[in-house]
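Me: Could you walk me through this model and tell me how each label is earned? I would like the reasoning along with the terms.

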Amino acid sequence: MKGREILRELRAELRNLGQINHMTSEEFAEIKQRYDFLTKQVKDLETAKHNLMQITKEIKEKSEQLFTESYHKIKTNFHTMFRRLFGGGRGELRLLDSKEVLTSGIDILAQPPGKKLERISLLSGGERSLTAVALLFATYMVKPSPFCILDEIDAA
């Protein structure tokens with residue numbers, strides 16, 4: 001009796017499962033193909049993201065290197081040009097954040113002969129103009145231009 005009861009229960013469960021879908025193998029093949037396509041797309045996107053991050057890192061490192069080299073040359077030239085234009089004194093450039101040079105601001109400090117070292121904003125109009133010219137020439141000494149026209153250079 002036990003065997004017949006088990007058989008009856010199994011047949012009841014089989015009837016409860018419902019109809020067999022003969023299209024499942026085709027549906028599975030379509031879904032698997034779509035899954036494989038999307039998986040490949042995700043892999044391609046991850047590879048592209050990695051490549052872009054690597055390129056961005058390389059560009060940032062190269063930009064920092066080029067900026068730092070140019071900054072130091074301009075800084076040296078600015079001091080020299082400032083002394084030449086003012087007949088003495090001291091001109092300085094300072095990075096506000098030496099760790100993040102690409103986003104750092106730059107302070108322009110000037111000390112005309114007989115005055116104390118101050119930011120350019122605290123100088124008189126003529127001193128500011130002459131300091132700006134010193135900075136302009138310091139920059140041109142690093143990256144010369146074929147020509148330069150300066151109009152009303154003495155105006156503040």
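Me: Why is L123 called buried?

Reply: Happy to help, and do keep in mind that this is a predicted model. L123 has a relative accessible area of 4%, and buried means under 20%, so L123 earns the label. You will find L123 in the loop between strand 3 (118-119) and helix 3 (125-142).

Me: What does L123 touch?

Reply: Setting aside residues up to four places away in sequence, L123 touches A110, P112, E118, R128 and T131. A contact needs heavy atoms within 4.5 Å.

Me: Is S104 buried or exposed, and how do you know that?

Reply: Its relative accessibility is 15%; the cut-off for buried is under 20%, so S104 counts as buried. S104 sits in the loop between strand 1 and strand 2.

Me: What makes the link from the side chain of S104 to the backbone nitrogen of D97 a polar contact?

Reply: The side chain of S104 reaches that nitrogen of D97 at 2.8 Å, and a polar contact asks for N or O atoms within 3.5 Å. S104 is also in contact with L95 and L96, among others.

Me: How do you know that strand 1 and strand 2 pair?

Reply: Pairing takes at least two bridges, and 6 bridges join strand 1 to strand 2 (residues 106-111), which run antiparallel. Within this pair, L93 stands opposite I108 in strand 2.

Me: Why do strand 1 (90-95) and strand 3 count as edges?

Reply: The open sheet has 3 strands in the order 1-2-3. Strand 1 and strand 3 each have a single partner strand, so one side of each is left without a neighbour in the sheet.

Key. Residues are numbered from 1 along each chain as its sequence is written. This is a predicted model: local features need pLDDT of at least 70, side-chain atom pairs count only at pLDDT 80 or more; totals for chains, interfaces and linings use all residues. Side-chain values use heavy atoms; hydrogens and water are left out. Helices (H or I, at least four residues) and strands (E, at least two) are DSSP runs, numbered from the N terminus. Buried means under 20% relative accessible area, exposed over 50%, partly exposed in between (1.4 Å probe, protein chains only). A polar contact is a pair of N or O atoms within 3.5 Å; within protein, one must be able to donate a hydrogen and the other to accept it, and residues adjacent in sequence count only if both atoms are side-chain atoms.
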